[in-house]
Each structure stands twice: as C-alpha cells, then as structure tokens.
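Open the model in your viewer and set it to cartoon. Keep the selection tool at hand.

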Amino acid sequence: MPAMNSSETRFFIGCVEQAVAGGYDPLTPAISISRNGTLAKWRGKIHFLDLRVNDPGLKKFRPLFVDTIQKARGLGIDVFLTLPEAIPTVHEPPPDAPPDTRPPRGRPVPPPRKPAAPMPIVTFRECLLAVPRAVSSPDRYHSLHVDECLPVIELAKEQGVKNVIVPTSRPGLFLDPAASDEFRAKLKILAAAAKQADITLHVRTGGLSFDLYRRIHREFGCLLALDAGWTHLERNDLVSVFGEFKDRIRLILLQQVQPGVDKWAAWQDAVALTWREYAQRAAEWRSYPEKGDAEERQTLARLAYDAFRAYQKTVPNELGYQGIFQGGDINFVPFLKTLRKEFEAGVERYLLLETVPNMKNAEFLARYLLSDSMAKPF
C-alpha cells in the first residue's frame, strides 16, 4: 500500500475469493467475488482480496491462482493468501425429476419441457493443520501436511504477496493438547519459510484458544487475524479481545452470525446427513439395470431426486457470513467506534468483509469509521 498522510484513511476494505479451485465455492450463498461479478467490477471499491487457496499443494489450479493474483494487482487490489480450508470433489449430477404422467383434472397433459443441462454436484472436505482428536466425524476433515502448505508460501514469495492467513479450526472446535502440539509443529516450519520470504503469517481465530495463540506468538511471532463472527460464537467479547491483542492484530474479518455454536454444529451435521442419504439413493438408482422394471427404476430416480432436493435445501448457510448490517447477533457499533479511535490515532487495519460481496457493508463501515479528518476509503 502507498504511504499515507494524516488526512487519509487508515483502514483498507477487502473481500473474499474462494471459488478459484474449479470455480466452486464451499459456501451457499457464495461469498466469492468471481461468483458475484468479476474482479474488474470491484476496481476502486475494495483495497485487497483474501484469496483462499483451496487446492492443497497447488496440484491442480496453480495457474488460476497466479492469474487471479496478477489480475488483482493490475487493478490496484492487494492480495492476501489463505492456506487451504476445503478440498472440492465433483460428483455426477442427480437424475432429472421423473415426469408426472398423470393428466391434470380437466386439462390435457402439457408437452415435456426441454431438460436443462445437468450441473455437477460439488462437496467439500474441510482442511485443518491439526484435527482435534475428539471430532465425532473425522472423515469430514483432511489433516494438511506441511508439503501441502509450503507451495502456498512459495507462491506468495514468487508473486510478491506479503500476507498469508493460517486458519486454525472451526468455531467452538478447539484444538486439544495433542492437536495443539501438531499445529505448533507444522506452524514452526511454515513460519520459518515465511520469515525467509519476508511474509507475515496471521493465525485466524476460530477454535484457537488465546493461551495457544500467546505461545505461538511468543515462539513464531505470528499476528492474530480476528474473525469477529467466530469470536462472538465462542462467547468472547469482541471489544475486550481486540483491546487485549490489538498490537498483534492487523487483519479483522467481519461477518454477522446467528447465536449458538450448537446451531452451527447442527447445520454441519444436517448437511453431512442429507448428503449421505442422497449418495445412497443415487447409487441405488445408478446401479439398477437399464432393462429392469421401468416402474421400479422410476421410483428409484424419484427417491434420488427428492434426496438431492433435501440436500439442496439444507446446504444454504443462514447462520453466518451475513452482511454486517444485517440481522444477526452482533452489535458491531461499539467495536467500530473503538476502531475509529484507532484510525484517528494513526493505526492501520485491514477489514475483510467475509460476506456475500455487497457495497452496503462498506457503507455501513464508513458511517461509523469515517471522521471529518479522514478521507473516504474509495
């Protein structure tokens, strides 16, 4: 970022891009820029991009990540990279809904509609540097190897990216002692590589105990990426946490959430359950002989289609990643007023809108963060 004089803004607004890996986003509705426009659309509206590298080891999509970084730079948008959080897996599309051949009462049967092109289904396996030993469904998670993360550090060095975000876990899913040791051992290697490349690591809240963060900050010098939504879900006061660690916080992720880690866990369980039901029904339908009983095959197709629709209804996340001005559980105003005092004192922060891209979020921030002595952020 260019040097600023005292009249210029002290905060930078960013958005998330996490659909580069195959064009898929692990959240519904999508919070990625590429699913809500193009990078060029955001020229002059955002200052930086959180590019989430959902491709462990950069084995499939490295050229696409390079292209995104270079396009962003060409538009005057800085880039942060986030270590892999999810592995997309593409599955065959579901069967079309079997036609209802029953004629409507008093009306002829309408002509069949031209079927739409079948779309693949994409599921995501979560990636963590260390998986807590007490998780109920370990098959949901992939334990990242250091060799799957170092290529991201190398990509950052090659492309001149100076900030890399390290996710810890998920809200309320704290690392136990064994997982904490594993996390620290892997982070030690990544921190050494980052230091050699003059890259700053930001360890993100969400399943991160502050005792563990104090230790890794002392050992490796990592900064703290404060996820406001997840901090709130873990029943920590946002203003208090910021006050304690503000000297180590450069990046703040802003999202609105509905109250209760239990609801978050129940939503994840429901997604997993409806997916298993669909996978079973789809397998039954696909394995049924083509020349088998036509009525039975149609029944299996309908069951698979209904299971897919149930999965589709469950996947949208209504508990988090909402616009910060929307009706969640967090009153952001006290926190934003605290930040405004920081900015007026000359402190710089990066504010990442971890929501569906929407300029109303930036307008909401400007209302509480800007003073007469500060220039508009864009």
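The tour goes from the whole chain to the barrel, then to its helices and one strand.

**Whole protein.** This is a predicted model. Show everything first. The protein has 10 helices and 11 strands. Of its 378 residues, 51% are buried. The exposed area is about 18,500 Å², and carbon and sulfur atoms supply 52% of that. Now turn on contacts between residues at least 6 apart in sequence: 79% of them join residues at least 24 apart.

**The barrel.** Select E1, E2, E3, E7, E8, E9, E10 and E11. These eight strands close into a barrel in that order, with parallel pairing. From one strand to the next, the twist averages 30°.

**Where E1 meets E11.** Select residues 11–17 for strand E1 and residues 349–353 for strand E11. Five bridges pair them, in the parallel sense. For one of these, pick Phe 11; its bridge partner in E11 is Arg 349.

**Helices on the sheet.** Add helix H3, residues 177–196. H3 packs on the sheet and touches strand E7 (163–166) and strand E8 (200–204). The direction of H3 makes about 155° with that of E8. Next, add helix H9, residues 333–344. Which strands does H9 touch? They are E1, E9 (223–227), E10 (251–254) and E11. Here the angle between the directions of H9 and E11 is about 150°.

**A helix pair.** Keep H9 and select helix H6, residues 238–245. The two pack at an angle of about 25°, and their axes lie 9 Å apart. H6 is therefore roughly parallel to H9, since an angle under 35 degrees counts as such. Their crossing is right-handed. Show side chains for the contact: H6 brings Leu 238, Val 239 and Phe 242. From H9 come Pro 334, Phe 335, Thr 338, Leu 339 and Glu 342.

**Strand E9.** Return to the barrel and isolate E9 with its side chains. Are the residues of E9 buried or exposed? Five of its five residues are buried, leaving the strand mostly covered. Leu 223, Ala 225 and Asp 227 point one way. Leu 224 and Leu 226 point the other way. Both sets are buried.

**Last stop: E8 beside E9.** Bring E8 back. E8 and E9 run parallel and are joined by three bridges. Select Val 203, then find its bridge partner in E9, Leu 224. To see what holds such a pairing, display the backbone: strands of a sheet pair through backbone hydrogen bonds.

Methods. Residues are numbered from 1 along each chain as its sequence is written. This is a predicted model: local features need pLDDT of at least 70, side-chain atom pairs count only at pLDDT 80 or more; totals for chains, interfaces and linings use all residues. Side-chain values use heavy atoms; hydrogens and water are left out. Helices (H or I, at least four residues) and strands (E, at least two) are DSSP runs, numbered from the N terminus. Buried means under 20% relative accessible area, exposed over 50%, partly exposed in between (1.4 Å probe, protein chains only). Contact means heavy atoms within 4.5 Å. Accessible areas come from the Shrake-Rupley method with a 1.4 Å probe; for residues, only the protein chains shown count as cover. Two strands pair if DSSP finds at least two bridges between them. Axes are lines fitted to C-alpha atoms, for helices over the stretch in contact, and angles run from 0 to 180 degrees between N-to-C directions. Angles under 35 degrees count as roughly parallel, over 145 as roughly antiparallel, 65 to 115 as roughly perpendicular and the rest as oblique. A crossing is left-handed if the near helix is turned anticlockwise from the far one by less than a right angle, and right-handed if clockwise.
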